[in-house]
Amino acid sequence: MKENEKALQLHYAWKGKIEITPRVKVDSREALSLAYTPGVAQACLEIQKDVSQGYALTRRWNTVAVVTDGTAVLGLGDIGPEAGMPVMEGKCALFKTFGGVDAIPLCIRSRDVEEIVHTIALLSGSFGGVNLEDISAPRCFEIEEKLKARCDIPVFHDDQHGSAVIVLAGLTNALRVVQKKPERVRVVISGAGASGLSIAHLLLKAGFRDLILCDRTGILYEGRPHGMNPYKERMVRRTNREKRRGTLGDALAGADVFLGFSTSGLVTAEMVRRMNPDPILFACANPVPEILPEQARAGGARIIATGRSDYPNQINNVLAFPGIFRGTLDAGASDINDEMKLAAAKALAELAEDRLSEDYIIPEAFDPRAAQAVAAAVEQAARDSGVVR
């Protein structure tokens, strides 16, 4: 039986991947009166006096909303909110399995930025955090920015920031293997959507200096007349310091690192040969990467990572988001800031130091140490950066 057919049959059998179970027994008159009416009234009145007590008196402190509009679902594209529900349930299952975080899927029937923001903002009093998921760019940037301004709980778009954390962790170790410094390498990023722009931002924060971004139109540069938006314009002012123009192939000539979050088949072995010695390639398009590892090796690639589990060095967000939210919730943080993301990446990179090699630059997806290490680092960074309530 093919894997896809097996997965479909199991989804029919499971009838959902998550469920709600009570934390208290309601098996007697006394238990009912304490958990519900009339005893619950006292907890309600405490929260009425001080809304922040909701974190101490309810499960809100450990509950995250996983929100999508179904416009950019996991390699499937714009399939609608209801069709995105199996992915959101899966994400919630990962939150609980790896981070002990209770997560609720919310699939919103709207593509209007203001409607989505207003809906989530109205519901935010029920949650300790919001994880945005599979929302198309550039709307995802605007939704996140507006939610951060309106909500007093952390808002995190995993397609952006989870990806950035994992890439920074893996790239930190890849550069150690090839003995190059972050501030001295040229990095080319293919894809200027949610992942690509966020990765560029975090790399700049981490001390990388020479970045070039490309999209389907080619290299991003100031004043480019086509295929731009305010978020690309903002990023291009911080990158492409030599004002290069041309194609992805032109950008890769003389580059040290390729980071692909775009589409399959964009990179050839010949393009890899034109890169600097010991090139590093993260080809993360799914299910087929920008260049297959075998082709990259033929072109002289030293280190190769993909988003796939059947090759070494898998770039998988499950290493990041459960621990990031675990640490954020434990700290009672009101935001997930750059300091917390940098701390998460550093913690993940350090976990791989004991086995560091060309085929092991980042912990494996099921490494039991990952979520705990990330959570501890993020919690401390939240306290140090002053975003704890």
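**Note on two sheets, their helices and an aromatic cluster**

1. An open sheet of 6 strands is present, with the strands in the order 7-6-5-8-9-10 and with mixed pairing. Its edge strands are strand 7 (218-219) and strand 10 (303-306), each of which pairs on one side only. The reader should keep in mind that this is a predicted model.

2. Within this sheet, strand 5 (residues 186-190) pairs with strand 6 (residues 210-215) in the parallel sense, and 5 bridges join the two. To locate this pairing in the structure, one may start from Val 187, which stands opposite Leu 211 in strand 6.

3. Helices also pack on these strands. Helix 8 (residues 158-178) packs on the sheet and touches strand 8 (257-260), strand 9 (280-283) and strand 10. The direction of helix 8 makes about 155° with that of strand 9. Helix 9 (residues 194-205) lies across strand 5, strand 6 and strand 8. Relative to strand 6, helix 9 runs at about 175°.

4. A further open sheet is built from 4 strands in the order 2-1-3-4, and its pairing is parallel. Strand 2 (102-107) and strand 4 stand at the edges with a single partner strand each, so one side of each has no neighbour in the sheet. On average, and with direction ignored, neighbouring strands of this sheet are turned by 25° against each other.

5. Strand 3 and strand 4 run parallel and are joined by 3 bridges. Which residue of strand 4 is the bridge partner of Asn 131? The partner is Phe 156. Helix 8 packs on this sheet as well, where helix 8 touches strand 3 and strand 4. Here the direction of helix 8 makes about 75° with that of strand 4.

6. Helix 6 (residues 113-123) deserves separate attention. Its buried residues are Val 113, Ile 116, Val 117, Ile 120 and Ala 121. Why do these residues line one face of the helix? Seen down the axis of helix 6, the buried residues fall within an arc of 125°, and therefore they line one face. The general background is that an α-helix has 3.6 residues a turn, so residues three or four places apart point the same way.

7. The surroundings of helix 6 can be described next. The buried residues of helix 6 pack against strand 1 (63-68), strand 3 (129-132) and helix 7 (139-150). At the N-terminal end, helix 6 is capped by Asp 112. A side-chain oxygen of Asp 112 lies 3.1 Å from the backbone nitrogen of Glu 114.

8. The aromatic residues form the last topic. In the whole structure, a search finds 5 aromatic pairs. One of them joins Phe 95 and Phe 325 edge-to-face, at 5.3 Å centre to centre and with 80° between the planes. This pair links distant parts of the chain: Phe 95 belongs to helix 5 (residues 85-99) and Phe 325 to helix 14 (residues 321-331), 230 residues apart. Both Phe 95 and Phe 325 are buried.

9. Phe 325 also pairs with Phe 156, again edge-to-face, with 5.6 Å centre to centre and 85° between the planes. Phe 156 lies in strand 4 (residues 155-157) and Phe 325 in helix 14, so that distant parts of the chain, 169 residues apart, are linked. Phe 156 and Phe 325 are both buried. Through ring pairs, Phe 95, Phe 156, Phe 321 and Phe 325 are linked into a cluster.

Technical notes
Residues numbered from 1 in each chain as written. Predicted model: local features only at pLDDT ≥ 70, side-chain atom pairs only at ≥ 80, totals over all residues. Heavy atoms only, no water. Buried < 20%, exposed > 50% of the residue type's maximum accessible area, 1.4 Å probe, protein only. Arc of directions from axis to C-beta. Contact = heavy atoms within 4.5 Å. Polar contact = N/O pair within 3.5 Å; in protein donor to acceptor, adjacent residues only side chain to side chain. Pairing = 2+ DSSP bridges. Axes fitted to C-alpha atoms, helices over the stretch in contact; angles between N-to-C directions. Phe/Tyr/Trp six-rings, centres within 6.5 Å; stacked < 30°, edge-to-face > 60°.
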